[in-house]
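Visitor: Could you walk me through this one, and tell me the reasons behind the labels you use?
Guide: Sure, have a look here.

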Amino acid sequence: MTPAPTTLLDAALRGMLLALLLVLVLVLGRDRPRLPAARAGLLLALGLCIQVIGSTPQFEATVPRAWQSPFVAISVSNAVLFWVFVRALFDDDFALRPLHIASWLAVAVLAAFNCAMVAGSASVVAPITMGIQRAVPLVFAVLAAMAAASQSRADLVEGRRRLRVFIVVTGVGYSIGMLVVRLASPRGQLSGPSATADAAMLLLIVAVVTWQMVRLAGSEFFPAAQAPAVIPPVMPGGPAQPAEESANPRPAEPGPATEPAPDPAEDRLAASLQHAMAVEHAYRSEDLSIATLAARLSVPEYRLRRLINQRLGHRNFNAFINGFRLAEATAALADSSKRELPVLTIALTAGFQSIGPFNRAFKAATGLTPTEFRRKKLAES
């Protein structure tokens with residue numbers, strides 16, 4: 001019997017989707033595999049492979065419902081992995097916590113329980129738990145969209161900022177669309193046309209993400225292994241040089257025959273930024289943003305973003321500014337003449353809005369609380 005055209009189309013879409021997901025697994029496993037974003041993305045891609053297989057109409061129609069429980073559990077819990085992946089991708093300081101693992105386990109157990117309940121024709125609590133399960137993808141899609149939209153203005157990586165918009169639109173749109181389709185189905189299963197549409201939408205989303213990852217080799221999405229310096233010193237008449245290279249010059253490595261000529265406008269902007277930070281202490285302003293700093297320097301915002309990201313090596317504007325604030329606070333805490341100055345006063349003077357964010361940022365940077373750091377430095381002096 002010749003398969004129907006829709007069946008062939010569905011199989012072709014799923015074949016291409018599985019191939020792209022495997023490519024994404026290879027890319028994520030190749031580019032900085034120890035980073036949380038790469039690990040979360042790899043797990044999500046593998047989970048989507050199982051979802052693609054388990055949501056095939058022939059699979060759902062022929063395999064006993066009880067045997068589908070592992071596939072359903074992983075498919076539904078992919079919403080949690082998507083949320084974790086988005087958070088890790090757009091927050092360079094993200095760390096996997098027990099809450100993330102517990103959320104995945106809870107959703108997987110709930111989905112497996114619902115699948116077993118349907119197979120056993122249980123009807124007492126099934127409607128309630130099934131309603132919760134169907135709401136899970138939408139809830140975590142909204143959480144992922146909020147994570148993608150959070151601090152988007154402070155993100156200096158242009159490719160990553162564009163991907164934020166794509167994820168917000170497609171992630172929420174896909175989740176809402178699939179929720180509506182499954183609510184219209186008595187058992188929450190996808191029919192032939194809706195299953196093919198589901199595969200097509202997933203293929204589009206995965207194709208865009210995979211193309212971005214392959215094209216950029218992860219360089220714009222994953223942070224480098226080493227943190228950049230706060231700001232390189234600007235050499236008169238030349239481009240900025242990294243601080244460690246200025247102190248320890250190394251022989252020039254052979255390069256291409258023709259190198260791009262220095263951009264005088266960018267050199268002037270780097271000098272202006274250096275002056276604004278080191279002399280005018282612009283970072284002390286509590287409401288400082290990339291837009292207000294660009295206006296202060298009388299340059300378009302995109303030029304300032306490009307300078308801080310591509311030339312100075314920073315990925316987030318807030319982290320860039322906090323580097324100056326922490327440097328000033330660290331110097332003040334180590335100054336014996338300021339031993340009576342309250343820590344709160346030092347934090348507010350440096351530009352922090354309250355003591356809580358200052359304490360967290362300081363301990364993340366030094367491993368000590370401000371009080372411990374001051375006690376240690378004063379004892380040494």
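**Why the labels fit**

Guide: Let's start with arginine 284, which is partly exposed because its relative accessibility is 35%, and that label covers values between buried (under 20% relative accessible area) and exposed (over 50%), using a 1.4 Å probe and protein chains only. By the way, this is a predicted model, where local features need pLDDT of at least 70 and side-chain atom pairs count only at pLDDT 80 or more, while totals for chains, interfaces and linings use all residues. Residues are numbered from 1 along each chain as its sequence is written, and side-chain values use heavy atoms, with hydrogens and water left out.

Visitor: What makes arginine 284 and glutamate 328 a salt bridge?
Guide: Their closest N and O atoms are 3.1 Å apart. A salt bridge needs a side-chain nitrogen of Lys or Arg within 4 Å of a carboxyl oxygen of Asp or Glu, so the pair qualifies. The two partners come from distant parts of the chain, 44 residues apart: arginine 284 is in the loop between helix H10 (264-278) and helix H11 (290-297), and glutamate 328 is in helix H13. Helices here are DSSP runs (H or I, at least four residues), numbered from the N terminus.

Visitor: Why is glutamate 328 called buried?
Guide: Its relative accessible area is 18%, so glutamate 328 falls under the buried cut-off.

Visitor: And why does arginine 315 count as buried?
Guide: Arginine 315 has 13% relative accessibility, so it gets that label too. You'll find arginine 315 in the loop between helix H12 (301-311) and helix H13 (317-333).

Visitor: What makes arginine 315 and aspartate 92 a salt bridge?
Guide: The closest N and O atoms are 2.9 Å apart, so they meet the cut-off. That pair also links distant parts of the chain, with aspartate 92 in the loop between helix H4 (69-90) and helix H5 (98-119), 223 residues from arginine 315.

Visitor: Why is aspartate 92 called partly exposed?
Guide: Aspartate 92 has a relative accessible area of 31%, so it sits in the in-between class.

Visitor: Which residues are linked with Asp92 in a network of salt bridges?
Guide: Asp155, Arg160 and Arg315. Within that network, aspartate 155 and arginine 160 have their closest N and O atoms 3.0 Å apart, and both are buried.

Visitor: How many salt bridges does the structure hold?
Guide: There are 13.

Visitor: What is the average pLDDT of the chain?
Guide: It's 80, on the predictor's 0 to 100 confidence scale for each residue. Over residues 225-259, though, pLDDT stays under 50.

Definitions and conventions. Contact means heavy atoms within 4.5 Å. Helices (H or I, at least four residues) and strands (E, at least two) are DSSP runs, numbered from the N terminus.
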